[in-house]
Amino acid sequence: MEQEQIILLNNVTISHEEGVVLKNVNFRMEKGEFVYLIGKSGAGKTSLLKTLYAESPLEDGNGVICGFNLASLKRRQIPLLRRKLGIVFQNFQLLTDRNVYDNLAFVLRSIGWKKKQEIDDRIMETLTSVGVADKAGYQTYKLSEGERQRVGIARALVNTPDLILADEPTGNLDPITSSEIMHLLTEINRNSGVSMLISTHDFMMIDKFPARVVCCEDGTLVDPQSDE
């Protein structure tokens, strides 16, 4: 039975502030897949992810993500798309003036959750799933980098997304903590079925937690498996 596609890009052009970075991008990702996105610094990984979560417009070609057509996406539709996504950043991008609980509550309230008990239950369930339930009342700047990334993953998960886009999620972490974070992400994918596209340059982690790999290379996206 054919699987449902969560990302489909056909002949897409990806740009950033300095111009075109990727051309003729063709990429298909099935629902529930775990995929690594690799490439040298400046090769276009972050620009591709920004296009997928509608931070940057799609230049040319056709792109569909979580059922949304990126080529015809209206500004008012961007929040609806992002409700289907969880985004994890290398530098965490947590709200430093709020504690862990309030970082997640901000997400839920922004998408319309209102009942305090439901918000409480969902936040604690999510924090427990990433191993930081005991940090709910902590200010984020008091956490270790590994704990901050766990909170970043919890924030990405709290709205029950269909797809997580992670941009170098272990880039600021030591090897042991990186391994713990990658183990967590692979377990979440395995247990919940949420799709994951993980940008990384950490080949040790790819060897340790093998999955499909696509590469930003020579101005396009190369999928070694497409030739198999």
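When I say contact, I mean heavy atoms within 4.5 Å. With that in mind, let's start at isoleucine 123. Leaving aside residues up to four places away in sequence, Ile123 touches Tyr101, Leu104, Ala105, Leu108 and Val158. And before I go on, please remember that this is a predicted model.

So where does Ile123 belong? Ile123 sits in the largest nonpolar core, which has 40 residues, and together with Ile153 it has the most contacts inside that core. Quite a list of elements feeds in, each with at least two residues: among the helices are H3 (100-110), H4 (116-129) and H5 (145-157), and among the strands are E3 (34-39), E7 (163-167) and E8 (195-199). Helix H3 gives the largest share, with 6 residues. There's also a second core, separate from that one, with 35 residues, and it includes Val25, Phe27, Cys66 and Phe68. As a general remark, nonpolar side chains tend to be buried together in soluble globular proteins.

Now the sheet. It's an open one with 6 strands, ordered E6-E7-E8-E3-E9-E10, and the pairing is mixed. At the edges you have E6 (85-88) and E10 (220-222), each pairing on one side only. From one strand to the next, the twist averages 20°. Helix H5 lies across E6 and E7, and its direction is at about 165° to E6.

Let me zoom in on E3. How many of the 6 residues of E3 are buried? It's 6 of the 6, so the strand is largely enclosed by the rest of the structure. You can see that on both faces: Phe34, Tyr36 and Ile38 are buried on one side, and Val35, Leu37 and Gly39 are buried on the other. That fits the general pattern, where side chains in a regular strand alternate between the two faces of the sheet.

What about the neighbours of E3? With E8, the pairing is parallel over 4 bridges. Here valine 35 has leucine 197 as its bridge partner, and tyrosine 36 stands opposite isoleucine 198. On to E9, residues 212-217: that strand also runs parallel to E3, and 5 bridges join the two. In this pairing leucine 37 is opposite valine 214.

Staying on E3 for a second, let's talk rings. The count of aromatic pairs comes to 1. Which residues form that pair? It's phenylalanine 34 with tyrosine 36, edge-to-face, at 5.3 Å centre to centre with 75° between the planes. Both of those residues are buried. Another ring to look at is tyrosine 138, where lysine 135 lies over the face, 4.7 Å from the ring centre.

Last topic, backbone oddities. Generally, most residues other than glycine have a negative phi. Cysteine 66 goes the other way, with a positive phi of about 50°. It's in the loop between E4 (60-65) and E5 (68-69). Is Cys66 buried or exposed? Its relative accessibility is 12%, and the cut-off for buried is under 20%, so cysteine 66 counts as buried.

Phenylalanine 92 is another one, with a positive phi near 75°. Where is it? In the loop between E6 and H3. Phe92 is buried too, because its relative accessible area is 6%.

That's my tour. If you want a place to begin in the viewer, try E3, with buried residues on both faces, and then go over to Ile123 and the residues it touches, such as Leu104 and Val158.

Definitions and conventions:
Residues are numbered from 1 along each chain as its sequence is written. This is a predicted model: local features need pLDDT of at least 70, side-chain atom pairs count only at pLDDT 80 or more; totals for chains, interfaces and linings use all residues. Side-chain values use heavy atoms; hydrogens and water are left out. A nonpolar core is a set of buried Ala, Val, Leu, Ile, Met, Phe, Trp, Tyr and Cys residues joined through side-chain atoms within 4.5 Å. Buried means under 20% relative accessible area, exposed over 50%, partly exposed in between (1.4 Å probe, protein chains only). Rings of Phe, Tyr and Trp (its six-membered ring) pair if their centres lie within 6.5 Å; planes under 30 degrees apart count as stacked, over 60 as edge-to-face and the rest as tilted. A charge sits over a ring if NZ of Lys or CZ of Arg is within 6 Å of the ring centre and within 35 degrees of the ring normal. Two strands pair if DSSP finds at least two bridges between them. Axes are lines fitted to C-alpha atoms, for helices over the stretch in contact, and angles run from 0 to 180 degrees between N-to-C directions.
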